[in-house]
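User: Please take a close look at a single part of this assembly, one contact between two of its chains, and describe in connected prose what it is made of.

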Amino acid sequence: MEKLLEFNNISKAYPGVQALDDVGFSVKGGRVAALMGENGAGKSTLLKILSGDIRPDAGGISIDGKAQSFESPHRSLQASISVIYQERQLVNDMSVMENIFFEDLPVSGPGFVNRSELRRGTQEILDVFGLPIKPADIVGRLSVAHQQMVEIMKAYRRDSDIIAFDEPTAPLTDKEIDILFRLIAKLKERGKIILYVSHRMAEVFRISDEIIVLKDGRLVNSFETARTDEAELVRAMIGRDIGDTYANLNRSDNIGDVLLSVKDLVAKGVHGVSFELRRGEVLGFAGLIGAGRTETMRAIFGADPIISGEITLEGKKVRFRSPKDAIANGVALCPEDRKEQGLVLGRSIRDNISMPVLSKVKKGPFLDVRAEESLAGEAVRTYKIKTPSSEKQAGELSGGNQQKIILGRWTSGKMDTKVLILDEPTKGIDVGTKAEVYQMVCDFAGLGIGVIFISSELTEVINVSDNIIVMRDGRITGRVARREATEERVLALAMSDYQESMERMV
Amino acid sequence: MKKAVAVILTLLMVFSLFACTQTTENTPSGSPSQSPTPTPTPSASQPAQSPAGGGEDAETPPSADTVTDVSALENTIGFFSSGVEPASRDTYEIVWAYMRPMALFQNITTALKELEPQLNFTTTEYCANSDIDAMIQTIEIYSDQGVDGFMIVVDPTASARIKEVLDGTGIPYVAMLNSVRDETGSEIVPCVGIEGEIAGAETIQWLYDNYKTYWGDIDESEIGLLDFNFSPNVDFDDRHNGSKARFLELLPGNESKVFSADGVSGALDEQTGYDLASAILAANPDVKYWFVAGCIELYSQGAARAVETLNMDDRVLITAVGSDVLPAEWDGGYDGSWVSCLALSNYQYTIPGICALVAQMDGKATPETLWQSRRAPGDQVTFYNVSYGLLTRDNYKEFFEQVLVDSGLA
Amino acid sequence: MTKRINKFLRSKHFSLVVLLVMMIAFFWAFSKNHSYLGLNNIRNILNSTVIYTLLAVGGGLVIIAGEIDLSPGYVGTAAGAVMAALLNSTGLPWLVVVVMCLAIGVVFGLINAFLINELKLQSFIATLAIGSFIAGGFAYIVVDGKTLEIKNDAIALIGTGRIGGFVPYTIIISTAVIVIYGVILAKTKFGRCVYLCGGNREAARLTGISPRLMSYILFANSGMLGALAGLLYDARLKAGNLTGTNHYVFPAITAAVLGGLSLGGGNGDMLGCFLGLLIISGFNNGLVVLGVSPFWQNVASGLLLLLALTLDYLTKRGTKGGRAHGKAAGV
Amino acid sequence: MKSAVRRIIGAKEFTLFLVMAAAVVVFTAINRNFLSLDNIRNIFNSAFVVGTFAVGMSCLLISGELDLSSANTGMMAGVLISLLMNAGVPWVAALIIVLFFGAVTGLINAFFVNVLGFTAFISTLGVSTVYGGLALVFTNAQNVPIGNPAFWSLGSINVFEVFPLPFFIMIILLTAYGIILFATRFGRRLYMVGGNPNSSRLAGINPKKITTILFVNNGVIASLVGSLLAARMHMGSPLALSGSDLDAITAAVLGGVCFTGGSGNMFGVFLGIMLLTSFQNGLVVVGVDSYYRVVAKGVLLVAALALDFYRERARQKQLLSS
C-alpha cells in the first residue's frame, strides 16, 4: 500500500512572528517533494515539527491517514521519520560507525555493543555510498563534505519511510552531490517519501517530482516540476519577476584606481593567490565549496595566519596581524557563518551593530548610548530589519534579519570602510531580500568602496560583479569581466574532472 | 507540574530555614530559659587533691570581701570566692567562640551547659570555621548585642589584633587553649590551656620512661622519632618542637633518626596522617625502633593504621596530645602500637575558665588578680596550666571517673 | 522614566531586592531589641562583605567573559604573606610593598591566562592548579610557615582605622572597587568587550576585539583584586596569615551567581553582584545575631543557596539556567 | 603494525606513562625503598579515596556534568554508618542503608540540575554545605567510634596478600566502569550526551535520564568510599574527606578526561590516579619539604597537561604535512 504523508492545517507562532499559518499538503510514497520559499517562510519550522523537535500550535501530521502526535523527537523516529538538519548532529570524538548507528547501536548479551556487527553494517552502507572512509575513522578528523555524508548515511541506516533533507548539498563537493542524487533516486524506487529543502533551483528541478512553495508561513501553491519553470517559481516565492532583478540594478561604473592588491598569497588552503581590487569595483569570487575563497579572505583580514605573500592597500604594503588591524585600515569582513562567527545572539541589535566602532561612539571615557541608538536606528531603517526596537536580542530574529544586522554593522555611518568583503551574504536568505542585498552591494561600490563578493550561486556572482575571479583548490583558475561572463565559461574554470555531473546539473 | 514542585520546594526551604534559626535553646532575647537552682551554700569544704600532675596545695579559705586569688580553689565548682551569690544577680550572657569544629570544643560546650544552673549564665556558641576575620567581626557583633563575657579560643596567628578588639569592647574575657603572649613572651591574657612545648615533651618523656616494658632492654641508639606537625597553627607547632627537643635531650645521639612530617599538604584528617607515616616508615627500614609523636590525634590514628598495614606493631610506639580518639579505640578493643595519649578533659578546662570569667563579670577579680599563685615568673597574667594525665589502656577509665569526682559533678 | 521602572521590575534585581527585604524584616523581627538594623550591625554586615566583594568583582568579570577563576583566594594569601615578610625583613616603604604585592597578584593572573590561552587548559583546572597548589604552597615557602606580625602603622590604619571613628577604611575601599568596576562594566568600551567576549568569542574577534588580550587583562585584574583582598585581610589582622582568604573564592562565586551572573558567560552586572553579596553576608550576620548554633548556620547557608536558585527558577519563566544559553528561538 | 604502534604512542595515556616512569626512576634513585613492597601497598592505600571518587566523577565529567557534593556525601555516609552501627544495626544492613542514602543524594542533585535546570557547579555546592552542617549537628562535632572489629577488617584485610581491600574494590570499579564505558550501549551514550547533547536529544537519547543515573551512581560510590574509610578509621568523622573531590577531578583530568565532556576513559583515569598518588608519596619518601610538596602537585598537573598539549600539536602538524 502506498505511503501517504499529510500536513493538515498546521499553525505555529513565535513571539511577534507567525511562523506557520494553516499549512496543509500531502506527499505520496515514491515521490520527492521540494520545499521552497523565502527564509522565514517557515520551511525549517515545518521540518522541526516533522522531527518532533517542536510542537505545532494547531493542526498536525498524519501518516497513512493516522494522526500522529510527537511529544519528543523519539516519537517521530519511531514513526519512521528522520530529518537531516543544516547543522550537523554528529559527535566529533566518536567513530563513523558509532555516529551512523547512534541510537540503535547493535547489542548482544546484556547491553554489550556488538562491534563486529556494527563494523559490518557500516561497511555495507559505505559500499552502497562508495565513499573512501573506514568505519573506525574518527568523525572529527574527516573533511566537511564527508561529515555531511555521514549525517546522510545515518538517515539511510534508519531506513525511515519519510526522509527530509534541509539544504544538504551546501558543504558537498560535486562527487558527493552526485552520490546523494543517486541515493535519492534509489529511495524513490523503494517507495520512500522524500522532502527536499533547497535554494538551488538547478538541484530542485533535477531531483524533485513536485515543488511546494511557502511564503510568510502560508502555502502559496504546489507545482509539478515537469510543468513549471524557474521564473514561475520565483514569482510564486516573491511575487516579483526575477528577470529584471539584476537588470534594474543601478550601478556606478566609475571604477577608480587600484585600492587593494594581493601578490601570491599563501596560507592554509590558499596556494599562491594574486589579484587587484579597484575603488568602486564589485569583484566577484566564484567557485565551489572548498575552493579556498573564504580562507583567502580570512587570511587577508588577519583572522587566520598568512604563511607568505604581499598585500598593499592604497599603495602601502600592509600585513594585518589581527582583524583589529584590518578594521583600523578600513577593511571589513562579513563572515560566512552568521551564528557562529557573526552575531552575539545574547546581546541587543544595537550592541551587535556598534561592535567594530565602539571607540568612535564614546563620550569622554564612556560609551555614548544615544549615538549607538541612532547608528542602530539608521541601519534598521536602511536595511528594513523587521524588529519592534533596536533593543531586541539578535538571537530572536529570523535568519534574513540577522544577516542584515551584520551588513548594517560593517556599513554603519561610523565605519569608513575602504574594502568590504562579503562572504556568502545571501546564504540562507529569501529571494526578496537577496534583491535588496544586490542593490546594497552596488550602492557601496557607488560610494567608492571596493567590494569583494563571494558566492556559490553562479547566476548571482555573474550578474552582480563587475569582474569575476574563479578559484579552485586554493588557486585562481581565471578572470572574467561581467560582459563576457557566461555560466558555462565560469563553470568550466571552476571545475575540473566533474564535467559530467555538472552537465546534467545545468 | 515542575512549577508546582518548585513552589512546594521553596516553602519547604523557607520553613527549614526558619527552623534552623530557632535552634538556639536560649535565644539571647533576655528571657532566662530556666530559673537557676540554688547553689549549695559556699561551705569551706576542703578541695580534694587534684590527681597526678601540677596540683597546688590549697591555701587558707578566703573571706568574702577581699578580692582573693581564685586559683586556690580552682577545681571545685561548689565554691568560688567572688563572694557574689549567683542567684541574686541577673543571668549573665556569655559567648563561647572557637576557631574550627573540634571534639574538645564541643565537650567544653556540654560542660558549660551543665554548669549554667550553678553559676546562672547562658551560653551562645560561635564557630568561625577557621576564618579569623569573621571571628573579629563576631566579637564586635556580640559586643553590640551587649553580652556580658567572652570565653574565646584566640587564634595564635592574630592574637594581638584579637586582644586589641576584645579590650576595645570593655567586656571581660578569658582565653582558652592557646596562650596570648607579647613579644617578650610574657602572657598578657588570662588563659586556661596547656603549654604546647610541655604537652609535646611529656608525651615523649612517657614513651622514654616506658618503652622497656614493650621492647625490653634494647640499644637506645636504634630508636628513631617520627614527629607530626601542622606548622600554620602555632600551638601544634609548639607541641612538635617540644617533642623533638625532649627526644634529643633524652637521646642526643639519635639526631640522624629524627623525621618530621608536616601535614600542611593535606586536610586535618586521618588520611594525611596515614599518607605521611606510611611513606616515612616504609622509606627508612634501617631504623629498628620508632617513637611516633602526634600533635593532633587524627595524625596518630593515621600512623596506627600505617603501622598495622606495614605490620611493624612490635617496633613502633605511638603517642598523641588529646584524648578523644584513643579511648574510643580502646573501648572497641584496640590493643595496637598506639599506647598512650595526653588526656585533656573538658571539665579541667571549663571550670577554671568559667570561674575566672564569672569572677571578672562580678567585678571581684581583674585579669591581674586571677590565679596569682600559679603565675610563671615574667608573666603579667597567669597562663593556667591545666593538669593533665598520661593515659594508657589500663588507667584511662579510672582517670575520667576521678576527674568527674574532683569537679564535684559526679 | 516609567519604561526604566518596569524594566527594573521585570529584571533580576527586583527579585533580589525582594529577597533582601524579606530577609532583613525577618532578622529585624527576631533580633534582640531589633538590634539587627542598628547602625553598628549594618557596619558589621558591610565589613563582612569587604573581602568577598573584591573576589566577586575580580572573579565576576572573568565569569561574564565566559571563563572561571578559582585562584584569587590563594593568591590573596600569598600576597599577604609576602607583604608581612617584606615589611618585617626590609626597610621598604609600605606603599612600595603594597604595589609589589599587587604585582604578584597580577603575575599569578598572567600565568593563569597563559595556561588557558596558550596551552588551552580548561580554566577550572588551570586556576585550581595555580591557586590552591602553587600560590598556596608559595605562601608557606615565603614565610617558612611562620605567621609574621605586621607592625607598620599605615597598614594597620588602613586595616583597622575608621573615618570619624565609625566607617572603616576597608568598606570604603571595597565599595569604591565595586562602584568603579560597575561603571566600567556598564558604561565603557572595555566593559562592553567583556560582555561580547562572553557572548560569542569568535564574533568578537572578527569585529576587532582581541579576546586573548581581554583574557590576559581580566585574569591579571582578578589576580590583582585577589592580592588586594589578601592585603586587606592581613591588614585587618595585623599579621601575615597562612590560611587567610583561601576558602573565600567559592562563596564569592556563589554570591556572583546569586546576583545574576551565569556561569556560561555573557550576562550579569555589578549591581546584581552587590545585592548577592549583601544577601549572603546579611544572612550570615543575622544567624550570628540570633545566636543560632554554629552547625545549623552551615546548614542554613546551604539552604539559602538552594532557595535562591529555586526562586531564580520561578522568576525566570521556563528558560533553562546557564547551561543552555544561546538556544535562541530562531525561526 | 606500524600504525598500531603509532596510535599507542600518540595516545594521551602514553604521555602519562612517560611522566610516571620518569618519576619512579628518580624517586627510586634517591631512595631505594620507594619501590619496596611495603611502600607500594602504601601507595595503594593512599590511592583508594581519590581513585574511587574519580571513577564516579569521571563518568559525570564525560557526560558534561559535575558534582561537588561527593566529598561531603562520603563524609555523611561514614557518620551515618557509625551512628547506625552504634544503634545496634548489623554492619551489612547499615552499609546498604548508607548506599541507599547516597542514591537519594544523587537523585536530589539530579532533580536540581535536570528538572529545575540549576547550574550543577552551584547546586551541588549547596547540597554539600547543607551536609557539612548536618553531619556536625548529628555528631556534635565528635568522632563517632565504631566498636565492631568485623567491620574494621573491611578497611584493613589484604586481598592476595598484596592489595588492601579498599584498593581492590577501586580496581574492580575501574575495570567494571571501563568495560561499561567502552563496550556497552549505555557507556557509548555517555560520550554522545557529553560530546553533542543536542543531537542526542534529537535522536531520542534522553540526556537527562543518563545524567540522573550518573548522579545517583556518583552518590552511591561516594557513600561506599565514606563507609570503607570509616571502617579503616574505626570511626565516622564529620571532618573527613574535605577537598578530596577536587583531588578526584584533578586525577580525572590528569588521566585525560576532558572537562567539558565527550572524551576520556577509565584506563587513563587509573594512570592519573596512580601518578598523582605515587608522586605525592614519592615526595614524602625522598623527604621533600612539605611546602614544596604542595607546589609540586600543581606543577605536576600543569606540566602533564602542557606536555599533552605539545604532543597533540606536534601530531596535528605531522598530520597536516603528511
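Analyst: Between chain C and chain D the count of salt bridges is zero, and the count of residue pairs in polar contact, with both residues at pLDDT 80 or more, is likewise zero; that confidence limit applies since this is a predicted model, in which side-chain atom pairs count only at pLDDT 80 or more. On the side of chain C that touches chain D, helix H6 (123-143), helix H12 (249-258) and helix H14 (294-315) of chain C each supply at least two residues, and H14(C) gives the most, with twelve residues. Sorted by class, this side of chain C holds 26 nonpolar, eleven polar and five charged residues.

As to its extent, the contact takes 42 residues from chain C and 44 residues from chain D. The area buried between chain C and chain D is about 3800 Å², and carbon and sulfur atoms give 82% of that area. Of the area that chain C buries against chain D, 17% is supplied by Ile125(C), Phe133(C) and Phe295(C), which is more than any other three residues supply.

To place this contact among the others, there are five pairs of chains that touch, and the pair with the most contacts is that of chains B and C, whereas chain A and chain B do not touch, their nearest C-alpha atoms being 16 Å apart.

Methods: Residues are numbered from 1 along each chain as its sequence is written. Chains are lettered from A and ligands numbered from 1 in the order in which they are written. This is a predicted model: local features need pLDDT of at least 70, side-chain atom pairs count only at pLDDT 80 or more; totals for chains, interfaces and linings use all residues. Side-chain values use heavy atoms; hydrogens and water are left out. Contact means heavy atoms within 4.5 Å. Buried area is the accessible area (1.4 Å probe) that two parts lose on being put together, summed over both. A salt bridge is a side-chain nitrogen of Lys or Arg within 4 Å of a carboxyl oxygen of Asp or Glu. A polar contact is a pair of N or O atoms within 3.5 Å; within protein, one must be able to donate a hydrogen and the other to accept it, and residues adjacent in sequence count only if both atoms are side-chain atoms. Helices (H or I, at least four residues) and strands (E, at least two) are DSSP runs, numbered from the N terminus. Ala, Val, Leu, Ile, Met, Phe, Trp, Tyr, Cys and Pro count as nonpolar, Asp, Glu, Lys and Arg as charged, and the others, Gly among them, as polar.
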